[in-house]
Amino acid sequence: MRGAPAALALALLLSVVLAAAPAAGAPSEQASRAAPAKAGAAAAAAAAASLQVCARPGQCVRVPRYPVRVNSSWECPPFATTCEFRTVRAPTPAAARVAAAPVSELAVVQFPKIVGSQVAMPLYQFTSEHHVLEAARRLLAAGSTAFKFDLKNQRASGKPIAALEKRGWLALVTHGELPYQTLFDMPFRTFIFWAGRTPPPGRDMTWTDIDGIDVYAEMRRLTTHLLKRYNNSGKSFWVGHWEGDWAIRDAFNKDAPANPKKVAAMIKLLSDKQRAIDDAKRAAPWAKNVFVWHYAEANLVEQSMKRGRAWASMVNTVIGAVKPALDYVSISVGGDSLREWNPSPALHRAMDAAAAALPAKAGVPQPRVFVGEFYFDMRNRDDNVAIYAPTPELQRARGCWAAASAVAWGAPHVLWWTLFDNEQTRSGAYRGYGLVDAGNRDTPLFKAYQAFYSQADEYVRSVLAATGRVPGDYAFRSWAVDALVALSGRPDAAPTRPPVRYWGS
C-alpha cells in the first residue's frame with residue numbers, strides 16, 4: 001500500500017497524457033463539447049478518491065482515500081469503570097478489502113482532534129451518575145479526544161465531602177466517592193481541568209488559594225501521582241483555573257480596574273503552581289510519554305489590547321510576571337470578541353497578544369496559547385435573542401468558523417463552552433450554550449463536531465495507510481480548517497478561508 005500514492009500519481013499522469021494525445025481524425029462537434037465535461041467529471045472523481053496532505057506550506061501531495069468505511073469508537077456505559085474499544089467495518093467489495101492496508105485503529109481514534117468541549121456547573125443532566133462522568137462518556141462516544149472539567153470536592157448529589165476540606169487535590173483525585181480517578185483512567189488523550197478555582201469578584205483571594213492548602217506541596221503531589229500512574233500512556237494533563245481577569249477584579253465589569261492585591265496574589269498563586277509542576281517533572285526522569293502542563297486563563301484579552309499595557313489584566317500584568325514562566329495560556333472568547341463572520345483577524349490578534357505576553361520557555365511545545373472557552377449563546381440574561389447566534393443553525397455556522405480560525409492559528413485545544421448549559425435568563429430559559437439541550441437532543445453544532453471527528457478519523461486512517469505515519473500537525477490543521485468550514489453549513493459566509501500557520505511540523 002505504500003506504493004499507492006505513486007500508483008495514483010502515475011494513473012493521473014497517464015490520464016493526462018491520454019487526454020492530451022492527438023486524435024486519429026477530426027472529432028465531431030458533439031464530441032468536442034462532451035470532452036471537457038468528461039474530463040471535469042474524471043478530475044472530480046479522482047479528487048474524491050484521494051485526500052491532500054501538506055507537510056508544510058506549498059508542499060502537498062495526494063494520498064488515496066481509505067477504501068473501506070470503518071467506525072471505531074469507545075463504549076463506556078454509565079457507571080462502568082472500564083471502556084471497550086469497538087471497530088465496525090462496512091460491507092466492502094473484495095477488491096477494496098485487498099487494497100486496504102492494515103492500520104492501528106487505536107492510533108486513528110486517539111489522534112488529537114483539537115476541537116473539544118467541557119462541563120462545569122451544569123443545570124441539567126440525564127442520569128444519576130456524577131455529571132463529570134456523564135459528560136465525559138458522551139464526549140468520548142462522540143469522538144472527542146480531549147475533555148475539560150472542574151476538579152473540586154463535589155459528590156454526584158452536589159454536596160461536598162467534609163473529610164476532604166483543605167486536603168488538597170490528590171485527595172480529591174483518589175477518593176472513591178468522587179469521579180476523578182475513573183475519569184482519568186478513561187481513554188481520552190487530553191484532560192484540561194481547573195485545580196483550585198480562583199474566587200469570583202467580591203471575594204478575597206490569598207496566595208494560599210481559596211482551598212486553604214499548601215499550593216506548592218499539593219500541586220507537586222498531584223503532578224507526581226499523574227506521572228506515575230499514567231507513565232507511558234500518551235496522556236497529557238493541563239492544570240489551570242477559571243477566567244483570571246474576573247478573579248483579579250472586584251466586579252463582573254469589563255471596565256472595572258484590577259485590584260492590586262488580587263493581582264499580586266494571582267501572580268504568587270500561579271508561580272507556586274508552576275514551580276511545583278516543574279520541580280515534580282525534574283524529579284521524575286523516569287516518566288516517559290506522559291505530560292503535565294500548567295496554564296493561566298485570560299478572558300479580557302480584547303480589552304487589554306484596546307486599553308494598552310498600563311491597564312492591569314492577565315495579559316498585560318500577570319502572565320509575564322509568573323516565575324518560573326508559565327507553560328501555556330488559555331483565552332476565553334465569545335460573542336462580541338468574535339462578532340465578525342470571519343473571526344480569524346480578531347481571534348488571531350488576541351492569540352498573538354497572549355503569546356507575546358509569555359516569556360520564552362525551553363521544552364514546551366509551540367504554540368503556547370489555546371482557546372479554553374469559546375461560545376455563542378442564543379439568548380442573553382435579559383431574555384433577548386442573542387445578536388450573533390439567534391438560531392441553532394447560525395450557532396452551528398459561527399461555532400464551526402470560530403473553531404476553524406483557532407485551529408488555523410495553531411491552538412493545541414479549541415474547547416466549546418459547554419456540553420450542558422450552565423446559565424439561565426431572568427425568566428428561567430436556558431442561555432443556549434449547551435451542545436446538548438435540556439431535552440437531551442444534540443444541537444446542530446454538536447452534530448457538526450461529531451461529523452468532524454468521524455471525518456478526522458478517515459483522514460488520519462488514509463494518511464496512516466498510505467505513508468505508515470499519522471499526519472503531521474500542519475497537515476492535519478490544513479485538512480481540519482477545510483472540514484470545519486464545510487461543516488458550518490455556510491462555507492461562503494466569511495470572505496476568506498482562515499490562513500493556516502506553520503509552526504515547524
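This report walks through a predicted model of one protein chain, from its overall make-up to its barrel and a few of its helices.

## The chain as a whole

Let's start with the big picture. The chain has 16 helices and 12 strands. Of its 505 residues, 52% are buried. The chain exposes about 22000 Å², and 56% of that area comes from carbon and sulfur atoms.

Now for how the chain folds back on itself. Take the contacts between residues at least 6 apart in sequence: 74% of them join residues at least 24 apart. For one pair to look up in the structure, try Ser454 and Ser144, which sit 310 residues apart in sequence but 9.7 Å apart in space, C-alpha to C-alpha.

## The barrel

Eight of the strands make a closed barrel, running β5-β6-β7-β8-β9-β10-β11-β12 with parallel pairing. Going from one strand to the next, the twist averages 30 degrees.

Here's one pair to zoom in on. Strand β6 covers residues 146-151 and strand β7 covers residues 190-195, and the two pair in the parallel sense over 6 bridges. If you want a spot to find by eye, Phe147 has Phe191 in β7 as its bridge partner.

## Helices against the sheet

Which strands does helix α5 touch? Helix α5 (residues 131-142) packs on the sheet, where it is in contact with β5 (115-118) and β6. The direction of α5 makes about 175 degrees with that of β6.

Helix α15 (residues 444-467) packs on the sheet too, touching β5, β11 (369-375) and β12 (414-416). Its direction makes about 135 degrees with that of β5. Ser454 is found in this helix, α15. Is Ser454 buried or exposed? Neither one fully: its relative accessible area is 48%, so Ser454 counts as partly exposed, given that buried means under 20% and exposed means over 50%.

## Helix α16, mostly tucked away

Helix α16 takes in residues 473-487. At 1.5 Å a residue, its 15 residues should span 21 Å, and the end C-alpha atoms are indeed 21 Å apart, so the two values agree. Because 12 of those 15 residues are buried, α16 is largely enclosed by the rest of the structure. Among the buried ones are Tyr474, Phe476, Arg477, Trp479 and Leu484.

What do the buried residues of α16 pack against? They pack against β1 (50-56), β5, α14 (392-409) and α15. After the helix comes Gly489, whose phi is positive, near 80 degrees.

## How α14 meets α16

Two packed helices are described by the angle between their axes and the distance between the axes. For α14 and α16, the angle is about 170 degrees and the axes are 8 Å apart. That makes α14 roughly antiparallel to α16, because angles over 145 degrees count that way.

You can trace the meeting surface residue by residue. On the α14 side, the residues include Arg396, Cys400, Trp401 and Val407. On the α16 side, they include Arg477, Ala480, Val481 and Leu487.

## Helix α13

Our last stop is helix α13 (residues 344-357). Its 14 residues, at 1.5 Å each, should span 20 Å; the end C-alpha atoms are 20 Å apart, so this agrees as well.

The buried residues of α13 include Ser344, Leu347, His348, Met351 and Ala354. An α-helix has 3.6 residues a turn, so residues three or four places apart point the same way. The buried residues of α13 pack against α11 (301-307), α12 (314-318), β10 (328-334), β11 and α14.

Technical notes: Residues are numbered from 1 along each chain as its sequence is written. This is a predicted model: local features need pLDDT of at least 70, side-chain atom pairs count only at pLDDT 80 or more; totals for chains, interfaces and linings use all residues. Side-chain values use heavy atoms; hydrogens and water are left out. Two strands pair if DSSP finds at least two bridges between them. Helices (H or I, at least four residues) and strands (E, at least two) are DSSP runs, numbered from the N terminus. Axes are lines fitted to C-alpha atoms, for helices over the stretch in contact, and angles run from 0 to 180 degrees between N-to-C directions. Contact means heavy atoms within 4.5 Å. Buried means under 20% relative accessible area, exposed over 50%, partly exposed in between (1.4 Å probe, protein chains only). Accessible areas come from the Shrake-Rupley method with a 1.4 Å probe; for residues, only the protein chains shown count as cover. The expected span of a helix is 1.5 Å times one less than its number of residues. Angles under 35 degrees count as roughly parallel, over 145 as roughly antiparallel, 65 to 115 as roughly perpendicular and the rest as oblique.
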